[in-house]
Amino acid sequence: MEIQLWRSMLSPYELAVRELIVKFEHIITEHKLNDLYSPIEQVSGRVKSVSSILEKLQRKQIPLEHMEEEIEDIAGVRIICQFEEDIDTVASLIRSRSDMEIKSEKNYLKHIKQSGYRSYHLIIYYTVDTIHGPKRLQAEIQIRTMAMNFWATIEHSLQYKYKGDMPLHVAERLSKAADAIISLDQEMASVRNEIMDAQNSSQMQSNLVRDILLNIENLYKLSNKREVMKIQDEFLLVFKTKDLKQLERFHRQLDIIAEGYRAQSV
Ligand code: 0O2
């Protein structure tokens, strides 16, 4: 295939990766807006490089014309979660979407790879709109915790360095590190509720402060400036207490005042 043809062949995959990242990032935004803990921490994606596609075609003896059906990870998206429990939540979320159709799933958490690799993989069908009309393509979604990602990233670089011929002592070290990652994820799971509570409170506080400041700004435009300065001073005092309940009360009272001036923040 000529280089220009590769580019136009890969272009819908570029679009798919970009769209998928936007959609998964929006899930984080929606959770935050609603003061909810987000099961997704971070999203990234990539289109497989031409050399990596060629290497896979050769390794699996796939003819070039079957590339798009047989290479399922030309478009790849990686979703990073804080806790192992979140992986299931994210997988269910994907299964319930109307714009992504599941082709297959691989559970490398239950069936850990010999290398020690753990992750949850989903192959989806996804449709993008191009100038030539809609194109239905495949994309791979990898879901893993931050700890799993740390291990996989390092192991992937070492695999690349040793090109399938990793020295035994390095493989043993990696295997030990994989066990340590399992323990770390288990430890974090045991304090999950506490961490989630802390993160929820911090998100709620930041949303409340945002709304209060918007209300104050709107009131400043519509009502007595001196009154608004007083409200702002009161807010700073409440903010200093770091007490969420007091902040909520202040928010409710300010809402009533703002309502009177039709100055509510949305
Ligand atoms: P990239 O883009 O460099 O990450 P195969 O590709 O033949 O190994 P298959 O059946 O196509 O296997 O898919 P599988 O097993 O689900 O693996 C696809 C992707 O999962 C790989 O992509 C890796 O990203 C990741 N992966 C799988 N096994 C391992 C592993 O042992 N260690 C690490 N670090 N990652 C793994 P590619 O092809 O490597 O491409």
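These questions and answers concern a predicted model, with a helix pair and a ligand as topics.

Visitor: Why is helix 5 called roughly antiparallel to helix 6?

Guide: Helix 5 (residues 146–162) and helix 6 (residues 168–190) pack at an angle of about 170 degrees, and their axes are 9 Å apart. Angles over 145 degrees count as roughly antiparallel, so helix 5 is roughly antiparallel to helix 6.

Visitor: Which residues of helix 5 and helix 6 meet?

Guide: On the helix 5 side they include Phe150, Trp151 and Glu155, and on the helix 6 side Leu174, Ile181 and Asp185 are among them. By class, this contact has 12 nonpolar, no polar and 2 charged residues.

Visitor: What makes the pair of Lys106 and the ligand a polar contact?

Guide: A polar side-chain atom of Lys106 is 2.9 Å from an oxygen atom of the ligand. The cut-off for a pair of N or O atoms is 3.5 Å, so this pair counts. At Lys60, the distance to a ligand oxygen atom is 3.2 Å. Gln159 has a polar side-chain atom 3.4 Å from a nitrogen atom of the ligand.

Visitor: How much of the ligand's accessible area does the protein cover?

Guide: The protein covers 79% of the 720 Å² that the ligand has on its own. Around the ligand are 18 residues, and Glu155 is one of the closest.

Terms used:
Residues numbered from 1 in each chain as written. Predicted model: local features only at pLDDT ≥ 70, side-chain atom pairs only at ≥ 80, totals over all residues. Heavy atoms only, no water. Axes fitted to C-alpha atoms, helices over the stretch in contact; angles between N-to-C directions. Helix = DSSP H or I, 4+ residues; strand = E, 2+ residues; numbered from the N terminus. Parallel < 35°, antiparallel > 145°, perpendicular 65-115°, else oblique. Contact = heavy atoms within 4.5 Å. Nonpolar A, V, L, I, M, F, W, Y, C, P; charged D, E, K, R; others polar. Near = heavy atom within 4 Å. Polar contact = N/O pair within 3.5 Å; in protein donor to acceptor, adjacent residues only side chain to side chain. Areas by Shrake-Rupley, 256 points an atom, 1.4 Å probe, with all protein chains shown as cover.
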